[in-house]
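Subject: Structure handover

Hello,

I am passing this structure on to you, and my notes on it follow below. Please read them with the model open beside you.

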Amino acid sequence: MYQHVASLNLSSNNISSIPIELVQLFGNLTELNLSQNTLNDSDTALTNCSKLLKLQKLNITNNKITELDIISLSKLKELQELYVQDGNQINNLPESLQKSKVDIITLNININVITLGTCAIFESRCSKWIK
């Protein structure tokens, strides 16, 4: 229905999960902003988002996410920018993120609870990702 829409801002709407209807209505999104909602884990946030195959930029900043769902992220082949900073509680970067087929150019994870030791698995890529 809204297949011509490329960018959708749903920030600050008290959204706790992503309904499949969003994907069906806005299947051609390249940018999705879900910041400042109440998404409580990355599975809820990313499972249906992973069906947005053209998605290049995803902002899930300032939610209640505790870990990155690598299975869902790996389906987003076009994803270049992922923002999960401020207010989330991510404490590590899974090793499988490095092995995934996603070539994220910008990964902003500041103001989480990540320790520097968890980043060692990314070697030189880590300095490019963390802002």
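Element names come first: helices (H or I, at least four residues) and strands (E, at least two) are DSSP runs, and they are numbered from the N terminus. Please also keep in mind that this is a predicted model.

Overall make-up

The chain has 131 residues, and 43% of them count as buried. It contains 5 helices and 5 strands, which follow the pattern β-α-β-α-β-α-β-α-β-α along the sequence. The accessible surface comes to about 6,800 Å², and carbon and sulfur atoms account for 50% of that area. Taking the contacts between residues at least 6 apart in sequence, 61% join residues at least 24 apart.

The sheet

How are the strands ordered in the sheet? The order is E1-E2-E3-E4-E5, in an open sheet of 5 strands with parallel pairing. Strand E1 (7–9) and strand E5 (106–108) are at the edges and have a single partner strand each, so one side of each is left without a neighbour in the sheet. On average, neighbouring strands here are turned by 0° against each other, with direction ignored.

One pairing in detail: strand E3 (residues 57–59) and strand E4 (residues 81–83) run parallel and are joined by 3 bridges. Asn-59 has Tyr-83 of E4 as its bridge partner.

Tyr-83 itself is in strand E4. Is Tyr-83 buried or exposed? Its relative accessible area is 15%, and Tyr-83 is buried because the cut-off for that class is under 20%. Leaving out residues up to four places away in sequence, Tyr-83 touches Lys-57, Leu-58, Asn-59, Ile-60, Thr-61, Thr-106 and Asn-108. Lys-57 is 26 residues from Tyr-83 along the chain, and their C-alpha atoms are separated by 8.2 Å.

The nonpolar core

In soluble globular proteins, nonpolar side chains tend to be buried together. In this model the largest nonpolar core has 29 residues, and the members that touch the most other members are Leu-29, Leu-32, Leu-34, Leu-58, Ile-60, Leu-73 and Leu-82. H1 and helix H3 (70–74) each supply at least two residues of this core.

Leu-58 is one of those listed members. Again without residues up to four places away in sequence, Leu-58 touches Leu-32, Leu-34, Leu-46, Leu-79, Glu-81, Leu-82 and Tyr-83.

The aromatic pair

How many aromatic pairs does a search of the whole structure find? The search finds 1. The partners are Tyr-2 and Phe-26, whose rings are stacked at 5.2 Å centre to centre with 15° between the planes. Tyr-2 lies in the segment before E1, while Phe-26 lies in the loop between helix H1 (20–25) and strand E2 (31–33), so the pair ties together parts that are 24 residues apart in sequence. As for burial, Tyr-2 counts as partly exposed at 37% relative accessibility, whereas Phe-26 is buried with a relative accessible area of 15%.

Three loop residues

Most residues other than glycine have a negative phi. Two residues here are worth a look on that point.

Asn-62 is not a glycine, yet has a positive phi of about 55°. Asn-62 sits in the loop between E3 and H3 and is partly exposed, with a relative accessible area of 33%.

For Asp-86, also a residue other than glycine, phi is positive and near 55°. Where is Asp-86 found? It is in the loop between E4 and helix H4 (95–99). At 27% relative accessibility, Asp-86 counts as partly exposed.

The third residue is Asn-40, in the loop between E2 and helix H2 (42–46). Asn-40 is partly exposed at 44% relative accessibility. Asn-40 touches Ser-16, Lys-64 and Ile-65, not counting residues up to four places away in sequence. Between Asn-40 and Lys-64 there are 4.5 Å in space, C-alpha to C-alpha, although the two are 24 residues apart in sequence.

To find your way in, you could start at Tyr-83 in strand E4, go on to Leu-58, which touches Tyr-83, and then turn to the stacked pair of Tyr-2 and Phe-26.

Regards

Note on methods:
Residues numbered from 1 in each chain as written. Predicted model: local features only at pLDDT ≥ 70, side-chain atom pairs only at ≥ 80, totals over all residues. Heavy atoms only, no water. Pairing = 2+ DSSP bridges. Axes fitted to C-alpha atoms, helices over the stretch in contact; angles between N-to-C directions. Phe/Tyr/Trp six-rings, centres within 6.5 Å; stacked < 30°, edge-to-face > 60°. Buried < 20%, exposed > 50% of the residue type's maximum accessible area, 1.4 Å probe, protein only. Contact = heavy atoms within 4.5 Å. Areas by Shrake-Rupley, 256 points an atom, 1.4 Å probe, with all protein chains shown as cover. Core = buried A, V, L, I, M, F, W, Y, C linked by side-chain atoms within 4.5 Å.
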